[in-house]
Amino acid sequence: TMFENLTDRLEGVFKKLRGHGKLTEDNIQDAMREVRIALLDADVSFKVAKQFVASVTEKAIGREVGKSLSPGQQIIKIVHEELVSLLGGDTAQIELDGRQPVVIMMAGLQGSGKTTTSGKLAKMLKDKGRRPYLVPADVYRPAAIEQLQVLGDRLDVPVHPSTTATKPVDICTQAIAEAKIKNYDTVIIDTAGRLHVDNVLMGELQEIQAAVQLSEILFVADAMTGQDAVTVADKFNTDLEISGIILTKMEGDARGGAALSIKTVTGKPIKFVGVGEALDALEVFHPERVASRILGMGDVLTLIEKAEAVVDKDQANKLAHKLQTNQFTLEDFLDQIQQIKKMGSLDQILSMVPGINKLKKIKDAPQPNEKELGKTEAIIRSMTLKERRNHKLINTSRRQRIADGSGTSITDVNRVLKSYSEMLKMMKKMRGKPGLITGEKRRK
Ligand code: GDP
């Protein structure tokens, strides 16, 4: 997952510091040497890594020694602050106020994820109540126009009927005129990409920039390409003066070099990150939260937002009632799995849980993963409705049939039933303590 390697390495550095009674210039220097190597291994640019270490060192040596923090904690706090600033400081929003329609141009190399991200952004804005209009302006590949049309259909977002016979700049002016007539408030232009930076392409984008009032030029890059993404971003910024960056395929980027260098090098903030192929796999980039994730502290805020987006209040209340009255069935268990899956891939969710990295390293600890969740789901689905409502009906021969029906083994079925019973036991214990489940305070 995101930044995984760096997280591991930094944890190692901080662990060593914990062994020292207090911070000295020597142990700070030692630790910072390792941090610098960790950053370089994460494909952070040389200059950025050097600057980063210099400012952490300066702060650490100059800082008043707070009594409440241990040496390890002090360094972590400083590293966190510096990471936040490296990642861009405050969360950068896109410009949606002012002149309507807002016009956003997506730019970047071919394969960076421009078209997919145009769709994702349209979905995100539509979910916020805006009326987006998707505009394909890549006239070199007929398939590109079609790709955006397919996305628009799936999202129920209108797509401008561009043709390959029209010049991109004309497509854009026509589309904006159309948006005004139809009251679409956000125009998203998906432009052509090339395999490499190319002057003809740049000229075409500059022509669009000169002809229409753009609110945003978002440079889209594949995070996995590391320093190449940074170099290309710099070039686009020089030629076009971009307003922000979207890094795609972040979920697969264990190193994170592009994310950590791109703001310093270009001066432009990362505004969103793509974290999967699905159309809802686009996240606002919050430097503060990402810094916490890098330091293995999780990202509880994003987790809560994701949960709130999928959880239905009525359903949650019903569930709380069931828990209190001992009616939580295997069917409810299945519902819970569905809800979790709606929040995104399990790996993605788990990466936001504080301390999960440590759990992963404990031998024999139960490892939550997508495969196990899928198995559990298949097993419950192979039960009859009656069985789901009363697990006591499931005897040995039924267990075998459920295993056969779900393509699993009887050991798997037993494990699911066992964890369900454990859950029931735990709930019983919690029921003895009012407030734990419902959040209500005990009455006097
Ligand atoms: P374009 O040439 O820049 O328009 O790129 P596309 O939008 O066609 O994307 C290229 C490939 O990258 C497609 O297979 C997308 O599904 C994939 N892709 C885009 N964003 C992400 C992301 O955030 N994560 C992953 N895993 N794949 C992505």
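In what sense do strand 2 and strand 3 pair, and over how many bridges? The two strands pair in the parallel sense over 6 bridges, where two strands are said to pair if DSSP finds at least two bridges between them. Pro-132 of strand 2 stands opposite Thr-186 in strand 3.

The model is a predicted one, in which local features need pLDDT of at least 70 and side-chain atom pairs count only at pLDDT 80 or more, while totals for chains, interfaces and linings use all residues. Residues are numbered from 1 along each chain as its sequence is written.

**Overall layout**

The protein chain has 20 helices and 7 strands; helices (H or I, at least four residues) and strands (E, at least two) are DSSP runs, numbered from the N terminus. Its C-alpha atoms fill a box of roughly 70 × 60 × 50 Å, taken along the principal axes. Of the 444 residues, 37% count as buried, a residue being buried if 20 or more other C-beta atoms lie within 10 Å of its own, exposed if 12 or fewer, and partly exposed in between, with C-beta atoms placed from the backbone. Among contacts between residues at least 6 apart in sequence, 75% join residues at least 24 apart; two residues are in contact if their C-beta atoms, placed from the backbone, lie within 7 Å.

**The sheet**

The 7 strands form an open sheet in the order 2-3-1-4-5-6-7, with mixed pairing. Strand 2 (132-137) and strand 7 (282-284) stand at the edges with a single partner strand each, so one side of each is left without a neighbour in the sheet. Neighbouring strands are turned by 25 degrees against each other on average, direction ignored, the axes being lines fitted to C-alpha atoms, for helices over the stretch in contact, and angles running from 0 to 180 degrees between N-to-C directions.

Edge strand 2 is nevertheless mostly covered, 6 of its 6 residues being buried. Pro-132, Leu-134 and Pro-136 point one way from the strand, and Tyr-133, Val-135 and Ala-137 the other way. Strand 3 (residues 186-191) also pairs with strand 1 (residues 102-107), in the parallel sense over 5 bridges, and here Val-102 stands opposite Thr-186. Further along the sheet, 3 bridges join strand 5 to strand 6, which run parallel, and Phe-272 in strand 6 is the bridge partner of Ile-246. Of the residues of strand 6, 5 of the 5 are buried, so this strand is largely enclosed by the rest of the structure.

**Cores and buried helices**

A nonpolar core is a set of buried Ala, Val, Leu, Ile, Met, Phe, Trp, Tyr and Cys residues joined through C-beta atoms within 7 Å. The largest such core holds 90 residues, of which Val-135, Val-187, Ile-189, Phe-219, Ala-221 and Leu-247 touch the most other members. This core draws at least three residues from each of domain 1 (4-86) and domain 2 (102-295), the bounds coming from an automatic or database domain assignment. Leaving aside neighbours within four places in sequence, Ile-189 is in contact with residues including Val-103, Val-135 and Cys-172.

In helix 10 (residues 257-266), 8 of the 10 residues are buried, so the helix is largely enclosed by the rest of the structure. Its buried residues pack against several elements, among them helix 3 (46-62), helix 4 (71-86), strand 5 (244-248) and strand 6 (270-274). Thr-117 is found in helix 5 (residues 114-127) and is buried, with 25 other C-beta atoms within 10 Å. Not counting residues up to four places away in sequence, Thr-117 touches Met-106, Val-220, Ile-246, Thr-248, Gly-274 and Leu-282.

**Backbone details**

Most residues other than glycine have a negative phi, and most peptide bonds are trans. The table gives positive phi values.

| Residue | Phi |
|---|---|
| Phe-3 | near 60 degrees |
| Asn-183 | near 70 degrees |
| Gly-267 | about 80 degrees |

Phe-3 lies in the segment before helix 1 (4-18) and counts as buried, with 24 C-beta neighbours inside 10 Å. Asn-183, in the loop between helix 7 (168-182) and strand 3, counts as exposed, with 10 C-beta neighbours inside 10 Å. A cis peptide bond, with omega about -5 degrees, joins Gln-100 and Pro-101, and Pro-101 lies in the loop between helix 4 and strand 1.
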